[in-house]
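Me: I am new to reading protein models and would like to work through this one slowly. Could you take my questions one at a time?

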Amino acid sequence: ELASINRDFEAKGLQLDIQHNSAEEIESNIDQIIELALVGGFLVVFILWIFLSNLPLVAVIMLAMPVSVFGAFNFFYAADISINMLTLIGLALAIGMLVDNGVVVMENIYRHAASGEDPETVVVKGTSQIWRSVTAATFTTLVVFVPFVFASNQILGEIARHISVSIVATLLVSLLVSLVLIPTIVHAILSRQKGERWRLSRLPLHNHFVQIYVHLLKAGLRNPARLVLGGLALFLVVTAL
(Lines give C-alpha, C1' and ligand atoms only; values in the text may rest on other atoms or scores of the structure.)
Protein backbone atom coordinates (compact mmCIF):
# COMPACT_ATOMS: atom_id res chain seq x y z
CA GLU A 1 0.00 0.00 0.00
CA LEU A 2 2.86 2.35 0.83
CA ALA A 3 4.55 1.62 -2.51
CA SER A 4 1.32 2.47 -4.33
CA ILE A 5 1.04 5.80 -2.47
CA ASN A 6 4.66 6.66 -3.26
CA ARG A 7 4.07 6.03 -6.97
CA ASP A 8 1.17 8.48 -6.91
CA PHE A 9 3.28 11.21 -5.28
CA GLU A 10 6.54 10.45 -7.06
CA ALA A 11 5.92 13.18 -9.66
CA LYS A 12 5.69 15.77 -6.88
CA GLY A 13 8.95 14.67 -5.27
CA LEU A 14 7.25 13.28 -2.16
CA GLN A 15 7.99 9.93 -0.54
CA LEU A 16 6.59 8.32 2.58
CA ASP A 17 8.85 6.18 4.79
CA ILE A 18 8.00 4.04 7.81
CA GLN A 19 9.82 5.39 10.86
CA HIS A 20 8.25 3.02 13.38
CA ASN A 21 6.11 -0.08 12.97
CA SER A 22 4.68 -1.70 16.11
CA ALA A 23 2.50 -4.21 14.27
CA GLU A 24 4.89 -7.13 14.75
CA GLU A 25 5.36 -6.29 18.42
CA ILE A 26 1.60 -6.10 18.97
CA GLU A 27 1.06 -9.40 17.15
CA SER A 28 3.72 -10.99 19.33
CA ASN A 29 2.05 -9.62 22.47
CA ILE A 30 -1.33 -10.90 21.36
CA ASP A 31 0.11 -14.36 20.67
CA GLN A 32 1.69 -14.36 24.13
CA ILE A 33 -1.59 -13.37 25.80
CA ILE A 34 -3.41 -16.18 23.98
CA GLU A 35 -0.70 -18.65 24.97
CA LEU A 36 -0.84 -17.61 28.63
CA ALA A 37 -4.64 -17.83 28.64
CA LEU A 38 -4.50 -21.36 27.19
CA VAL A 39 -1.91 -22.43 29.76
CA GLY A 40 -4.07 -20.96 32.52
CA GLY A 41 -7.09 -22.82 31.19
CA PHE A 42 -5.23 -26.13 31.16
CA LEU A 43 -4.03 -25.52 34.74
CA VAL A 44 -7.64 -24.87 35.81
CA VAL A 45 -8.72 -28.17 34.27
CA PHE A 46 -5.79 -29.97 35.93
CA ILE A 47 -6.75 -28.63 39.38
CA LEU A 48 -10.34 -29.73 38.81
CA TRP A 49 -9.19 -33.20 37.84
CA ILE A 50 -7.11 -33.51 41.03
CA PHE A 51 -10.04 -32.68 43.31
CA LEU A 52 -12.96 -34.22 41.42
CA SER A 53 -11.16 -37.26 39.95
CA ASN A 54 -13.97 -37.74 37.45
CA LEU A 55 -12.94 -37.13 33.86
CA PRO A 56 -16.46 -36.74 32.36
CA LEU A 57 -17.33 -34.03 34.87
CA VAL A 58 -14.05 -32.22 34.30
CA ALA A 59 -14.76 -32.42 30.57
CA VAL A 60 -18.01 -30.53 31.24
CA ILE A 61 -16.03 -27.59 32.62
CA MET A 62 -13.63 -27.83 29.68
CA LEU A 63 -16.62 -27.45 27.37
CA ALA A 64 -17.99 -24.53 29.37
CA MET A 65 -14.80 -22.50 28.95
CA PRO A 66 -14.75 -22.13 25.13
CA VAL A 67 -18.55 -21.77 25.02
CA SER A 68 -18.34 -18.83 27.44
CA VAL A 69 -15.43 -17.19 25.62
CA PHE A 70 -16.87 -17.52 22.12
CA GLY A 71 -20.31 -16.52 23.40
CA ALA A 72 -18.77 -13.31 24.74
CA PHE A 73 -17.72 -12.35 21.20
CA ASN A 74 -21.37 -11.53 20.48
CA PHE A 75 -21.19 -8.83 23.15
CA PHE A 76 -17.99 -7.55 21.51
CA TYR A 77 -19.89 -7.11 18.27
CA ALA A 78 -22.79 -5.37 20.04
CA ALA A 79 -20.39 -3.00 21.83
CA ASP A 80 -18.44 -2.35 18.60
CA ILE A 81 -15.09 -3.47 20.00
CA SER A 82 -12.56 -5.76 18.37
CA ILE A 83 -10.46 -8.67 19.56
CA ASN A 84 -7.33 -6.77 20.61
CA MET A 85 -4.76 -6.74 23.38
CA LEU A 86 -7.15 -5.15 25.88
CA THR A 87 -10.06 -7.50 25.24
CA LEU A 88 -7.74 -10.51 25.28
CA ILE A 89 -6.34 -9.40 28.65
CA GLY A 90 -9.92 -9.17 29.90
CA LEU A 91 -10.65 -12.65 28.61
CA ALA A 92 -7.49 -14.00 30.25
CA LEU A 93 -8.57 -12.50 33.57
CA ALA A 94 -12.08 -13.88 33.15
CA ILE A 95 -10.99 -17.45 32.40
CA GLY A 96 -10.14 -18.10 36.03
CA MET A 97 -13.42 -16.59 37.18
CA LEU A 98 -15.73 -18.11 34.60
CA VAL A 99 -15.14 -21.66 35.84
CA ASP A 100 -16.17 -20.70 39.39
CA ASN A 101 -19.88 -20.80 38.65
CA GLY A 102 -19.64 -24.11 36.85
CA VAL A 103 -17.56 -25.69 39.61
CA VAL A 104 -19.98 -24.58 42.34
CA VAL A 105 -23.03 -25.85 40.48
CA MET A 106 -21.37 -29.10 39.48
CA GLU A 107 -19.98 -29.71 42.98
CA ASN A 108 -23.44 -29.36 44.51
CA ILE A 109 -24.92 -31.72 41.92
CA TYR A 110 -21.95 -34.02 42.56
CA ARG A 111 -22.75 -34.01 46.29
CA HIS A 112 -26.36 -35.04 45.70
CA ALA A 113 -25.23 -37.72 43.24
CA ALA A 114 -23.40 -39.46 46.08
CA SER A 115 -26.76 -40.02 47.82
CA GLY A 116 -27.91 -42.36 45.05
CA GLU A 117 -31.02 -40.42 43.97
CA ASP A 118 -32.25 -40.48 40.38
CA PRO A 119 -30.40 -38.14 37.95
CA GLU A 120 -33.27 -35.69 37.39
CA THR A 121 -33.82 -35.16 41.12
CA VAL A 122 -30.10 -34.78 41.69
CA VAL A 123 -29.70 -32.13 39.00
CA VAL A 124 -32.82 -30.17 39.98
CA LYS A 125 -31.87 -30.14 43.66
CA GLY A 126 -28.24 -29.35 43.03
CA THR A 127 -29.00 -26.39 40.74
CA SER A 128 -32.05 -24.93 42.47
CA GLN A 129 -30.34 -24.80 45.86
CA ILE A 130 -27.54 -22.47 44.80
CA TRP A 131 -28.66 -20.56 41.71
CA ARG A 132 -29.33 -17.43 43.80
CA SER A 133 -25.90 -17.56 45.40
CA VAL A 134 -24.15 -18.14 42.08
CA THR A 135 -26.06 -15.30 40.43
CA ALA A 136 -25.35 -12.93 43.31
CA ALA A 137 -21.65 -13.82 43.33
CA THR A 138 -21.42 -13.19 39.58
CA PHE A 139 -23.15 -9.82 39.71
CA THR A 140 -21.05 -8.62 42.64
CA THR A 141 -18.04 -9.19 40.41
CA LEU A 142 -19.66 -7.51 37.41
CA VAL A 143 -20.67 -4.31 39.18
CA VAL A 144 -17.03 -3.64 40.06
CA PHE A 145 -16.27 -3.03 36.38
CA VAL A 146 -19.38 -1.00 35.53
CA PRO A 147 -18.13 2.39 36.89
CA PHE A 148 -14.99 2.20 34.75
CA VAL A 149 -17.12 2.33 31.61
CA PHE A 150 -18.25 5.84 32.59
CA ALA A 151 -14.78 7.22 33.34
CA SER A 152 -14.48 10.92 32.44
CA ASN A 153 -10.94 10.52 31.09
CA GLN A 154 -11.25 9.54 27.43
CA ILE A 155 -8.17 7.30 27.30
CA LEU A 156 -8.98 5.58 30.60
CA GLY A 157 -12.61 5.19 29.54
CA GLU A 158 -11.64 3.56 26.25
CA ILE A 159 -9.20 1.17 27.91
CA ALA A 160 -11.68 0.35 30.67
CA ARG A 161 -14.50 -0.18 28.18
CA HIS A 162 -12.59 -2.85 26.28
CA ILE A 163 -11.47 -4.73 29.38
CA SER A 164 -14.80 -4.33 31.19
CA VAL A 165 -16.89 -5.51 28.25
CA SER A 166 -14.70 -8.59 27.79
CA ILE A 167 -14.89 -9.57 31.48
CA VAL A 168 -18.58 -8.73 31.95
CA ALA A 169 -19.62 -10.49 28.74
CA THR A 170 -17.62 -13.63 29.54
CA LEU A 171 -18.99 -13.89 33.07
CA LEU A 172 -22.58 -13.32 31.96
CA VAL A 173 -22.34 -16.11 29.41
CA SER A 174 -20.61 -18.36 31.95
CA LEU A 175 -23.49 -17.76 34.38
CA LEU A 176 -25.98 -18.92 31.75
CA VAL A 177 -23.76 -21.88 30.91
CA SER A 178 -23.43 -22.92 34.56
CA LEU A 179 -27.18 -22.75 35.24
CA VAL A 180 -28.44 -24.33 32.01
CA LEU A 181 -25.80 -26.09 29.93
CA ILE A 182 -23.76 -27.72 32.70
CA PRO A 183 -26.78 -29.23 34.55
CA THR A 184 -28.08 -30.59 31.26
CA ILE A 185 -24.78 -32.26 30.38
CA VAL A 186 -24.27 -33.58 33.92
CA HIS A 187 -27.78 -35.07 33.80
CA ALA A 188 -26.82 -36.95 30.64
CA ILE A 189 -23.64 -38.24 32.33
CA LEU A 190 -25.50 -39.35 35.45
CA SER A 191 -28.12 -41.12 33.36
CA ARG A 192 -25.39 -43.15 31.68
CA GLN A 193 -23.66 -43.96 34.98
CA LYS A 194 -26.59 -45.15 37.06
CA GLY A 195 -25.71 -46.94 40.27
CA GLU A 196 -22.27 -45.39 40.59
CA ARG A 197 -21.65 -43.68 43.92
CA TRP A 198 -18.99 -41.00 43.75
CA ARG A 199 -16.77 -39.57 46.39
CA LEU A 200 -16.82 -35.82 46.80
CA SER A 201 -13.05 -35.61 46.88
CA ARG A 202 -9.97 -37.71 46.29
CA LEU A 203 -8.51 -36.46 49.57
CA PRO A 204 -9.28 -38.94 52.40
CA LEU A 205 -10.13 -37.64 55.87
CA HIS A 206 -6.85 -38.96 57.27
CA ASN A 207 -4.88 -36.86 54.81
CA HIS A 208 -2.34 -34.67 56.64
CA PHE A 209 -3.46 -31.43 55.00
CA VAL A 210 -7.13 -32.20 55.65
CA GLN A 211 -6.39 -32.82 59.31
CA ILE A 212 -4.52 -29.51 59.61
CA TYR A 213 -7.47 -27.69 58.04
CA VAL A 214 -9.97 -29.42 60.35
CA HIS A 215 -7.92 -28.47 63.45
CA LEU A 216 -7.65 -24.85 62.28
CA LEU A 217 -11.37 -24.70 61.56
CA LYS A 218 -12.30 -26.12 64.95
CA ALA A 219 -9.92 -23.73 66.71
CA GLY A 220 -11.47 -20.80 64.88
CA LEU A 221 -15.00 -21.90 65.78
CA ARG A 222 -14.06 -22.25 69.44
CA ASN A 223 -12.46 -18.79 69.56
CA PRO A 224 -14.31 -16.61 67.03
CA ALA A 225 -13.49 -13.31 68.77
CA ARG A 226 -9.76 -14.03 68.82
CA LEU A 227 -9.89 -15.12 65.18
CA VAL A 228 -11.64 -11.94 64.05
CA LEU A 229 -9.41 -9.64 66.13
CA GLY A 230 -6.31 -11.50 64.96
CA GLY A 231 -7.35 -11.15 61.33
CA LEU A 232 -8.04 -7.44 61.84
CA ALA A 233 -4.67 -6.95 63.52
CA LEU A 234 -2.90 -8.77 60.66
CA PHE A 235 -4.74 -6.58 58.15
CA LEU A 236 -3.66 -3.39 59.92
CA VAL A 237 -0.04 -4.55 60.14
CA VAL A 238 0.09 -5.45 56.44
CA THR A 239 -1.56 -2.14 55.52
CA ALA A 240 0.96 -0.21 57.62
CA LEU A 241 3.88 -2.06 56.06
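Me: Which residues form a nonpolar patch on the surface, and what is their accessible area together?
Reply: This is a predicted model, where local features need pLDDT (the predictor's confidence in each residue, from 0 to 100) of at least 70, side-chain atom pairs count only at pLDDT 80 or more, and totals for chains, interfaces and linings use all residues. Residues are numbered from 1 along each chain as its sequence is written, and side-chain values use heavy atoms, leaving out hydrogens and water. A patch takes residues with over 30% relative accessible area and no salt bridge (a side-chain nitrogen of Lys or Arg within 4 Å of a carboxyl oxygen of Asp or Glu), nonpolar side chains being joined within 5 Å and like charges within 9 Å. The patch here is formed by F46, I47, W49, I50, F51 and L55, and together they have, by the Shrake-Rupley method with a 1.4 Å probe, an accessible area of about 580 Å².

Me: Is I50 buried, exposed or partly exposed?
Reply: I50 lies in helix α2, a helix being a DSSP run of H or I with at least four residues. Buried means under 20% relative accessible area and exposed over 50%, with partly exposed in between (1.4 Å probe, protein chains only). Because its relative accessibility is 31%, I50 counts as partly exposed.

Me: Which backbone oxygen lies 3.3 Å from a polar atom of the side chain of S164?
Reply: S164 lies in helix α7, residues 154–192, and is buried, with a relative accessible area of 3%. The backbone oxygen that lies 3.3 Å from a polar atom of its side chain belongs to F145.

Methods
Helices (H or I, at least four residues) and strands (E, at least two) are DSSP runs, numbered from the N terminus. A polar contact is a pair of N or O atoms within 3.5 Å; within protein, one must be able to donate a hydrogen and the other to accept it, and residues adjacent in sequence count only if both atoms are side-chain atoms.
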